[in-house]
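Let's take a friendly walk through this model, from its sheet pairing to its backbone oddities. Please have the viewer open as you read.

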Amino acid sequence: MEFSKFLMISLVILQAVFNPFHASIIQAAPVGRSSNLFREYIGAEFNNVKFSDVPINSNVEFHFILSFAIDYDTSSSPSPTNGKFNVFWDSDNLSPSQVSAIKNQHSNVKVALSLGGDSVSNGYAYFNPSSADSWVSNAADPETFADCIGRLIKTLKQNGVISFASIAPFDDDQVQSHYKALWKSYGHLIDYVNFQFYAYDQGTSVSQFMDYFNTQSSNYNGGKVLVSFISDGSGGLSPNDGFFTACSRLRSQNQLHGIFVWSADDSKSNGFRFEKRSQALLATPH
C-alpha cells in the first residue's frame with residue numbers, strides 16, 4: 001500500500017539519537033516539569049550551513065537533527081528501497097567527522113538522524129514497503145517483525161543503537177490517525193513529540209497556540225510535546241508575534257518540555273537570532 005506524502009511524514013519521521021560511546025537510555029525530565037531541551041533540524045536545504053555556524057548555549061541540552069535519511073535510491077529518478085536508507089542531507093558540510101568535532105567541542109550536544117522526509121529530487125517521497133517484515137529487516141535488525149515504525153524504535157533501543165526517539169506529527173486528520181495509533185501501541189518508547197505547530201495557519205495567536213498545545217498534549221497523553229516555530233515565519237505562531245510569550249506561559253505551568261526549530265538552513269540568513277533567544281529562555285533558572 002502506498003501512502004501519501006503526508007502519511008510519509010507522519011509515519012516515518014522519527015529522530016534516532018546515536019550515541020557511539022555508551023548504549024544506556026538517556027532519561028529525560030518528567031512530564032510534569034519544564035526542560036532545557038533545544039532541537040534544530042539541519043541540512044535538508046543544502047544552504048552550506050555547518051554545525052559550527054549555529055550558536056550553542058552551554059546551559060541547554062542541544063540536539064541537532066540531520067534531515068533526512070530516506071529509503072529511496074540516489075539515482076536521477078529515485079525509487080523506494082524498502083527500508084534501506086540513503087543520505088539526503090548536506091553530507092559535505094555535515095559529515096561523520098563534523099559530527100564528532102561538534103560533540104567534542106560541546107559536551108551538551110547530541111546529533112540525531114531523521115528518517116523520512118517529504119521529497120526526493122523534485123518529487124514526493126512515499127512510504128511504500130513491499131511488506132512490513134521486509135521493510136524493517138532492511139531498515140534495522142532482522143529479528144524485528146511487523147509494525148514498521150514502532151518495532152523499529154523498539155529494536156534500535158533494545159540493541160543500544162539509539163539513546164532515544166521522537167516523532168514529528170502535525171495537525172492533519174489522516175496524519176493524526178496514524179500517529180495516534182503509533183502512540184497508543186508504542187508511546188512508552190517515544191521520548192519526545194516534536195509537534196509541528198508551524199504547520200498551523202500563519203498568524204496564529206498566543207491564545208490559539210495555547211489551545212493547540214493543550215489539544216496535542218491530550219492527543220499524546222503522557223508525552224513530552226515540544227513547541228516549535230519555523231525560521232521564515234511562514235506558519236504558526238512566529239517568534240515576532242508571541243511565540244516566546246507562549247513559551248513563558250507554558251514554562252510557568254511546568255509544561256515547556258523543550259523547543260525545536262525548522263530549520264538551521266533558513267536561520268543562517270538571520271544570524272540565528274531566534275535560536276539564541278530560545279536557548280536563553282530555556283537556560284534561565286526558574
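In which sense do β2 and β11 pair, and over how many bridges? They pair in the parallel sense, over three bridges; two strands count as paired if DSSP finds at least two bridges between them.

## About the model

This is a predicted model, in which local features need pLDDT of at least 70 and side-chain atom pairs count only at pLDDT 80 or more, while totals for chains, interfaces and linings use all residues. Residues are numbered from 1 along each chain as its sequence is written, and side-chain values use heavy atoms, leaving out hydrogens and water.

The protein has nine helices and 11 strands. These elements are DSSP runs numbered from the N terminus: helices are H or I with at least four residues, and strands are E with at least two. Of its 286 residues, 54% count as buried; buried means under 20% relative accessible area, exposed over 50%, and partly exposed in between, with a 1.4 Å probe and protein chains only. The accessible surface comes to about 12,200 Å², of which 47% belongs to carbon and sulfur atoms; the areas come from the Shrake-Rupley method with a 1.4 Å probe, and for residues only the protein chains shown count as cover. Among contacts (heavy atoms within 4.5 Å) with a separation of 6 or more, 75% are between residues 24 or more positions apart.

## Strand β11 and its neighbours

Back to the strand we started with. β2 covers residues 37-42 and lies before the loop that leads to β3, while β11 spans 259-262. One of the bridges between β2 and β11 links E40 to V261. β11 also pairs with strand β10 (residues 225-230), in the parallel sense and over four bridges; here S228 has F260 as its bridge partner.

Both faces of β11 are covered. I259 and V261 are buried on one side, and F260 and W262 are buried on the other.

## The nonpolar core

In soluble globular proteins, nonpolar side chains tend to be buried together. Here the largest nonpolar core has 76 residues, and those with the most contacts inside it are I42, F51, F64, V227, F243 and I259. Such a core is a set of buried Ala, Val, Leu, Ile, Met, Phe, Trp, Tyr and Cys residues joined through side-chain atoms within 4.5 Å. Strand β3 (residues 61-70) gives the most to this core, with seven residues.

I42 is a good place to zoom in. Leaving aside residues up to four places away in sequence, I42 touches V49, K50, F51, V54, F64, I65, L66, S67, L94, A264 and D265.

## Three helices up close

Which residues of helix α2 (residues 96-105) are buried? They are V99, I102 and K103, and they sit on the same side of α2 because they cover an arc of only 100 degrees around the axis, taken from the directions from the helix axis to the C-beta atoms. The cover over these buried residues includes β3 and β5 (109-115). On the face turned away from the buried side, α2 carries the exposed residues S97, N104 and Q105.

L282 belongs to helix α9 (residues 273-283) and is buried, with a relative accessible area of 2%. Its C-alpha atom is separated by 8.9 Å from that of S34, although the two residues are 248 apart along the chain. Beyond residues up to four places away in sequence, L282 touches partners including F38, V60, R251 and I259. In helix α5 (residues 173-186), Q176 counts as buried at 5% relative accessibility. The side chains of Q176 and Q216 are joined by a polar contact of 2.8 Å, a polar contact being a pair of N or O atoms within 3.5 Å; within protein, one must be able to donate a hydrogen and the other to accept it, and residues adjacent in sequence count only if both atoms are side-chain atoms.

## Backbone details worth a look

Two cis peptide bonds deserve a glance: one joins S67 and F68, with omega about 5 degrees, and another joins W262 and S263, with omega about 0 degrees. F68 is in strand β3, whereas S263 lies in the loop between β11 and α8 (264-267).

F46, in the loop between β2 and β3, has a positive phi near 55 degrees without being a glycine, and F46 is partly exposed at 46% relative accessibility. F272, in the loop between α8 and α9, also has a positive phi, about 60 degrees, and is not a glycine. At 4% relative accessibility, F272 counts as buried.
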